[in-house]
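Hi there,

Here is the structure I promised to pass on to you. Have a look at it first, and then read on for what turned up in it.

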Amino acid sequence: MREIFPVKVKENLAIAPNAWLLAIPRTFDFVAGQVIGISLNKKEVPRLYSIASGIHQNEIGILYTRKEDGLLTPPLSKCKKGDTLFITKPFGNFICKEEEAVWIATGTGIAPFASMLLSGQYHGKTLIQGNRDQTGLYFSDLFKEKMKTHYHPCCSRESADGCFLGRVTDFLQNQPHIKTDIPYYLCGIAEMVVDVRDILISKGVPFSKINSEIFF
């Protein structure tokens with residue numbers, strides 16, 4: 001088990017229905033795309049969350065949604081400024097190089113890409129972000145501002161201006177041609193990651209070009 005360290009909550013902001021952005025002091029350096037473990041006390045096994053803040057910011061941001069049957073997120077959503085949490089040091093290898101690449105995310109799987117963008121690592125990148133409706137397209141305003149036409153939001157259950165109506169898998173299937181010589185980074189639930197991976201492979205993308213991080 002990784003060593004854990006106490007930290008004080010700086011902010012725990014509700015940013016969308018059933019979604020929060022937790023801010024804690026940045027006590028360790030990290031690389032955009034890495035995760036930390038979080039627990040409420042020293043006895044619990046830390047749950048892993050991707051960092052959603054930039055490498056030059058003074059705090060670590062964690063995006064999460066509350067699962068009513070979860071052990072951590074219901075009490076975590078009630079945390080207030082000054083409450084104590086326990087975290088691990090950042091770790092992980094879901095790291096994007098400075099090269100052309102495609103990011104694909106659903107739900108809170110957008111977190112590592114938010115970290116990459118806030119760290120200035122979005123040049124040459126294309127993002128396909130999906131959720132049921134616009135309220136679940138976390139950080140969408142930021143991605144629109146920075147990535148312009150390289151940002152493709154998808155809503156599976158809501159028709160909205162500027163959004164593709166359908167899932168990220170539908171968006172990919174509708175593309176007559178995709179680049180097969182650049183890396184793809186996938187982050188979200190297992191079903192999405194597997195489905196997107198299969199589509200990419202069917203369109204000629206080598207398995208070695210597909211990098212993934214699964215959220216449970």
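Let me begin with one helix and its neighbours. The buried residues of helix 3 pack against strand 8, strand 9, strand 10 and helix 2, which spans 111-118. Please keep in mind that this is a predicted model.

Which residues of helix 3 are buried? They are Ser-140, Phe-143 and Met-147. These three sit on the same side of helix 3, because the arc they cover around the axis is only 60 degrees.

You can follow helix 3 along residues 140-147, where it lies across strand 8 (101-106), strand 9 (125-131) and strand 10 (151-155). With strand 9, helix 3 makes an angle of about 155 degrees.

Both ends of this helix are worth a look. Phe-139 is found in the loop between strand 9 and helix 3. Its phi is positive, about 65 degrees, although Phe-139 is not a glycine. Is Phe-139 buried or exposed? Its relative accessibility is 19%, so Phe-139 counts as buried, the cut-off being under 20%. After helix 3 comes Lys-148, and its phi is positive too, near 55 degrees.

Now for the sheet behind the helix. Strands 8, 9 and 10 belong to an open sheet of six strands with parallel pairing, in the order 11-10-9-8-12-13. Its edges are strand 11 (164-165) and strand 13 (210-215), each of which pairs on one side only.

How many bridges join strand 12 to strand 13? There are six, and the two strands run parallel, with strand 12 covering residues 184-189. One pair to find on your screen is Ile-189 with its bridge partner Phe-215 in strand 13. Helix 5 (residues 190-202) also packs on this sheet, where it touches strand 8, strand 12 and strand 13. The direction of helix 5 makes about 150 degrees with that of strand 12.

Next, some antiparallel pairing. Strand 2 (residues 11-16) pairs with strand 3 in the antiparallel sense over five bridges. Here Glu-11 has Ala-23 in strand 3 as its bridge partner. The hairpin of strand 2 and strand 3 has two residues between the strands. Asn-18 lies in that loop, and its phi is positive, about 65 degrees, although Asn-18 is not a glycine. With a relative accessible area of 33%, Asn-18 is partly exposed.

Strand 3 also pairs with strand 6 (residues 59-65), again in the antiparallel sense, over seven bridges. In this pairing Pro-25 stands opposite Glu-59 of strand 6. Why is strand 3 (residues 19-25) described as largely enclosed by the rest of the structure? Five of its seven residues are buried, so strand 3 is largely enclosed in that way.

One last residue to visit is Thr-108, which has its place in the loop between strand 8 and helix 2. Thr-108 has 16% relative accessibility and therefore counts as buried. Leaving aside residues up to four places away in sequence, Thr-108 touches Leu-63, Tyr-64, Thr-65, Tyr-138 and Phe-215. You have already met Phe-215 as the partner of Ile-189.

Enjoy exploring it!

Best wishes

Methods:
Residues are numbered from 1 along each chain as its sequence is written. This is a predicted model: local features need pLDDT of at least 70, side-chain atom pairs count only at pLDDT 80 or more; totals for chains, interfaces and linings use all residues. Side-chain values use heavy atoms; hydrogens and water are left out. Two strands pair if DSSP finds at least two bridges between them. Helices (H or I, at least four residues) and strands (E, at least two) are DSSP runs, numbered from the N terminus. Contact means heavy atoms within 4.5 Å. Axes are lines fitted to C-alpha atoms, for helices over the stretch in contact, and angles run from 0 to 180 degrees between N-to-C directions. Buried means under 20% relative accessible area, exposed over 50%, partly exposed in between (1.4 Å probe, protein chains only). The arc is that of the directions from the helix axis to the C-beta atoms.
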